[in-house]
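Please examine the model shown here before reading the questions and answers on its chains and DNA strands.

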2 protein chains.
Amino acid sequence: MRLSDGVEWGVHVCVVLATLPDDAALAAAKLAEYHGVPAAYLAKHLQVLAGAGVLRTVKGARGGYRLARPPADITVLDVVEAIDGEESAFRCSEIRRRGPLAMPAREYTKPCGIHRAFSRADEVWRAELAKTTIADLLIGLLHDVPRTALEKGARWLQESAR
Amino acid sequence: MRLSDGVEWGVHVCVVLATLPDDAALAAAKLAEYHGVPAAYLAKHLQVLAGAGVLRTVKGARGGYRLARPPADITVLDVVEAIDGEESAFRCSEIRRRGPLAMPAREYTKPCGIHRAFSRADEVWRAELAKTTIADLLIGLLHDVPRTALEKGARWLQESAR
DNA sequence: CTTTCTCGGATAGCTAGTATCCGTGTTATG
DNA sequence: CATAACACGGATACTAGCTATCCGAGAAAG
């Protein structure tokens, strides 16, 4: 089981976009350059994020992407569900309905215990991801990254966003 | 992100094996027939489970598989980690080290906030799966499945285990 | 000792995620 | 108004990891 790379990129992108002024937007190519990832592939994920209402797209010249909501209103879970989907990692194939214990279909009224156990695990996983917002990540970054690096990044963004 | 089918099969297999007498074993082919899954493929997962110490293999004629420990000492997480591996679904590719914010490698002393958020989520996911044991699932099954089906299953197992 | 039955590893096939390209339409700028 | 810059969207290869299968080595039973 492995989470798509796009998820990681998506969260990083949101954190970067959170540092922009409210009216500014950043082109997909610039975001790719900033993170050192393939531009064409990142663009695909950005479109998905825009479709999910996490990002907002600014069309035309000097356009690009920006956050659709304040950073504090976007959770890591929002990004995960936009890119990776909302369905649980575990998929019950109802194998209990096969073999000698099989019963008429109407008997299977509630999911089996195994299914329920994985559903609970998936629930707490998502709940934990929903606790962290983009704003939280940004605050953490300000603590962890040295001042010199922050200023370097700020300059780069100012030039790129124009 | 999707969990391997083998995980589901593995848990079901453990529940079935938990109903066997202590000295009995069940052949891989019989387990496959019971669950209606491809025998050769299930065998692969059974071998992995045996290697991980969840199942115990009985070689030779009239051999097969049985649980390596009491059902109450085997958690769903044990099966998941045996088949799917112990590593988190999220893999940090350290993209923060690329791009204009990049710093000397020695500066990166602790994982980034995004990495930490996903690690926490992975932790609670595993903790939740560790709460449910094979014994719990078996008890749940006895409540959910009608008596007639249980007896049918018991007869089939008695004939197959010999 | 032979037969029967099992595990075990080695080997193909397939699905889903990875990665890229280019044509179309929209917006700001000169 | 004309032009250039930019995002959207679909169509298209490539890759990895899960799915599926086979047959040989080896152990217990008779």
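The questions below concern confidence, the two DNA strands and the interface between the protein chains.

This is a predicted model, in which local features need pLDDT of at least 70, side-chain atom pairs count only at pLDDT 80 or more, and totals for chains, interfaces and linings use all residues. Residues are numbered from 1 along each chain as its sequence is written, chains are lettered from A and ligands numbered from 1 in the order in which they are written, and side-chain values use heavy atoms, with hydrogens and water left out.

Q: In chain A, in which element is confidence highest?
A: Confidence is expressed as pLDDT, the predictor's value for each residue from 0 to 100. Chain A has a mean of 90, and 97% of its residues reach 70 or more. Among its helices and strands (DSSP runs of H or I with at least four residues, or of E with at least two, numbered from the N terminus), the lowest mean is 84, in H7(A), and the highest, 96, belongs to H5(A).

Q: What percentage of the atoms of DNA strand C that come within 4 Å of the protein is sugar and phosphate?
A: A residue is near a strand if one of its heavy atoms lies within 4 Å of it. There are 19 residues around DNA strand C, and A:Ser4, A:Pro38, A:Arg62, B:Gln47 and B:Tyr65 come nearest. On the DNA side, the share of these atoms that is sugar and phosphate is 67%.

Q: Which residue has a polar side-chain atom 2.7 Å from a phosphate oxygen of DNA strand C?
A: Polar contacts are pairs of N or O atoms within 3.5 Å; within protein, one must be able to donate a hydrogen and the other to accept it, and residues adjacent in sequence count only if both atoms are side-chain atoms. A:Asp5 places a polar backbone atom 3.1 Å from a phosphate oxygen of this strand, and A:Tyr41 places a polar side-chain atom 3.0 Å from one. The residue at 2.7 Å is A:Ser4.

Q: How many charged residues has the surface near DNA strand D?
A: Residues are classed as nonpolar (Ala, Val, Leu, Ile, Met, Phe, Trp, Tyr, Cys and Pro), charged (Asp, Glu, Lys and Arg) or polar (the others, Gly among them). The surface near DNA strand C has eight nonpolar, seven polar and four charged residues. For DNA strand D the division is 10 nonpolar, seven polar and, as charged residues, seven.

Q: Which element gives the largest share of the surface near DNA strand D?
A: Chain B reaches phosphate oxygens of DNA strand D through the side chain of B:Ser4, at 2.8 Å, and through a polar side-chain atom of B:Tyr41, at 2.8 Å. Two or more residues of this surface come from each of H3, strand E1 (55-58) and strand E2 (64-67) of chain A, and from each of helix H1 (5-18) and H3 of chain B. The largest share, three residues, comes from H3(B).

Q: Which element supplies the largest share of the side of chain A that touches chain B?
A: With contact taken as heavy atoms within 4.5 Å, 53 residues of chain A meet 52 residues of chain B. Six salt bridges (a side-chain nitrogen of Lys or Arg within 4 Å of a carboxyl oxygen of Asp or Glu) cross this interface, including B:Arg116 with A:Asp144, whose closest N and O atoms are 3.7 Å apart. The largest share of chain A's side, 12 residues, comes from H5(A).
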